[in-house]
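Colleague: Could you take me through the labels on this one? I'd like to hear the reasoning behind each of them.

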Amino acid sequence: MPAHSQTATRPTLVVSPTNADIATLDPHRATAFGDKGIVSSIFDGLVRFAPGSADPKTLEADLAEKWEAAPNNKTWTFHLRKGVQFHGGYGELKAADVVYSLQRAADPKRSSFAANFVVMAKVEALDDYTVRVILKYPDAGFLGRVSNYHGGNIVSKAAAEKLGDRFGQSPIGTGAFAFSDHVTQQHVRLVANDAYFRGKPKLAGITFRMISADSARELAFASGEVDVAAGKREQRWVERAAKRGTKVDIFEPAEFRTLFINRSIKPLDNVKVRQAIAAAVNVDEIIRFVGKDVADKGCSVIPNGYVGEDCSVGQYTYDVERARALLAEAGHPNGISLNVVVSSVAAQLPIMEVIQAQLGKAGIKLNMEVVDHATYQAKSRQDQSAIVFYGAARFPNADYWLTEFYDSAAAIGAPGAMSNFAHCSIADAEIRQARVEPDATRQLALWKQAQTKIHEDVCGIPLFGLKQVWTHGDGVNYGYKLTGALNLQPAITEATTVTRGAR
């Protein structure tokens, strides 16, 4: 089939993210950049972010047509839409599917987002269309947990049980588009779900073309083979594209870039060494390199704009001489050498090369092993990198971020491992107390204490938020105004259209 397929009345949209291939389309396992965007077209949540928005204030009805919370905010009751059909003939969505999905999302053996669902004490079906969730404690961000994002996506119980480990290669959801086929390192094809509860999609389907090389992806876009493509999140690239008349989409959320310092690798267990690394990194220089339109400097270990972010602790001061002095005090007057695994993707490698040069001035040598992104992810999660440069966007609430990146329960190698690459544990008490604190003012105070401790212990060096950068052809109409997308690529919905024509 050609890159562009066309029915009598409906075209197929061609989208090209940056990944060379998918890892999984199981929504409870999909953490990779490219996977999440595809998953977002296949699955729905009980509630959803309004298309084009990453603002939790825009959460609206999705598979649940209405819901209510008890006065203590610990019991939530969701009333499901009737008649919603799963893809592939798996029947009508029922409460049993929702119960199964949320329990699955909370199971570390089956979900990469289990830590986000520890708040749930019980999930039960009151009847075929009513689900009750009882929480262990009030949770201000609970609706976000059951939104169309990460573990909140609802799967078919029958399909997941039947397919088992193969569900990630044959996903069954209720979204506007259904999985069709996957050819390794070539494409993933989705077809329109004409029974979609919001109406028949205006597209016949979506083809996700796997073009990891920036130059090849840009050529495919320029030649009209691709309608929507990931751009380079670099100021120079954005400016060049604008001069060519290319329609560039820059949107939230910014993926927050952090240098996590892995204290499981010596001599990084010494806080003076970690302080030396922090003093040797010139964040302002990095921001100038990345560019003002695409990068926002971080002021805390929690990303810019998240509920609970506190910048009062200040930032690390760039001081090369102090970095050298700290290394000497730590017993390393001649400097140190660190083995670091780095992704070859354009959003990471050039920045790590800048950081490598900065650290080198202080006698900190980075031996960078440059690998493809999947290998970088795997090796980072095997504690093979002394410093992990990592960027992510999460539901904009401090608890989500602190739980995943700074709670020792999420440390690499722990049973509930998520993304605590630093093996940070200094603020466990505050993070966990804040999670169950019903008083909002007290919760903010605990989050502030956690940020202060993490900063002083130098678990990681916050760098900047890198906004999403995509391009679309003149004939593409998303069907909404794009200001944000938590799944990190423009949402393709039942309202999206494309008209073929010149760029």
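Colleague: Why are H7 and H9 called roughly antiparallel to each other?

Modeller: Keep in mind that this is a predicted model. Helix H7 (residues 271-280) and helix H9 (residues 320-329) pack at an angle of about 165 degrees, and their axes are 8 Å apart. Angles over 145 degrees count as roughly antiparallel, so H7 and H9 get that label. H7 also passes H9 in a left-handed crossing.

Colleague: Which residues in H7 and H9 meet?

Modeller: From H7 you have Lys 272, Val 273, Gln 275, Ala 276, Ala 279 and Ala 280, and they meet Val 320, Arg 322, Ala 323, Leu 326, Leu 327 and Glu 329 in H9. By class, that contact has 8 nonpolar, 1 polar and 3 charged residues.

Colleague: And H12 with H14: at what angle do their axes cross?

Modeller: At roughly 35 degrees, with the axes of H12 and helix H14 (residues 440-457) coming within 11 Å. The label "roughly parallel" is for angles under 35 degrees, and the value here is given as roughly 35, so I'd leave that label off. The handedness is stated, though: the crossing of H12 and H14 is left-handed.

Colleague: What makes up the contact of H12 with H14, by class?

Modeller: Ala 398, Asp 399 and Leu 402 in H12 meet Trp 447, Ala 450 and Ile 454 in H14. That comes to 5 nonpolar, no polar and 1 charged residues. Asp counts as charged, so Asp 399 is the charged one in the contact.

Colleague: On to the empty space. How many cavities of 30 Å³ or more does a search of the whole structure find?

Modeller: The search finds 5. The largest cavity has a volume of about 340 Å³. Of its 27 lining residues, Ser 40, Phe 49, Asn 148, Ala 491 and Thr 493 are the closest to the centre. The classes in that lining are 12 nonpolar, 10 polar and 5 charged.

Colleague: What is the volume of the second largest cavity, and what makes up its lining?

Modeller: Its volume is about 90 Å³. The second largest cavity is lined by 13 residues, with Asn 116, Tyr 149, His 150, Gly 151 and Tyr 400 nearest its centre. Helix H3 (142-145) and helix H12 (398-405) are the elements that give two or more residues to that lining. By class, the lining of the second largest cavity has 5 nonpolar, 5 polar and 3 charged residues.

Colleague: Why is the space of about 360 Å³ called a pocket and not a cavity?

Modeller: A probe in a cavity cannot get out, whereas a pocket is an open set. The space of about 360 Å³ is listed as the second largest pocket, so it belongs with the open sets. Glu 252, Pro 253, Asn 304, Gly 305 and Pro 396 are the closest to its centre, out of 21 lining residues. Strand E12 (residues 247-261) gives the most to the lining, with 4 residues.

Colleague: What kind of peptide bond joins Glu 252 and Pro 253?

Modeller: A cis one, with omega at about 5 degrees. Pro 253 is found in strand E12. Another cis peptide bond joins Lys 266 and Pro 267, with omega again about 5 degrees, and Pro 267 is found in the loop between E12 and H7.

Colleague: Last one: what makes Asn 73 worth a mention?

Modeller: Asn 73 has a positive phi of about 60 degrees although it is not a glycine. You'll find Asn 73 in the loop between strand E4 (64-69) and strand E5 (75-80).

Methods
Residues numbered from 1 in each chain as written. Predicted model: local features only at pLDDT ≥ 70, side-chain atom pairs only at ≥ 80, totals over all residues. Heavy atoms only, no water. Axes fitted to C-alpha atoms, helices over the stretch in contact; angles between N-to-C directions. Parallel < 35°, antiparallel > 145°, perpendicular 65-115°, else oblique. Left-handed = near helix turned anticlockwise from the far one by under 90°. Contact = heavy atoms within 4.5 Å. 1 Å grid on protein atoms, 1.4 Å probe; cavity = no way out; pocket = protein on both sides within 12 Å on 5 of 7 lines; lining within 4 Å. Points joined across faces, edges and corners; volume = space filled by probe spheres on them.
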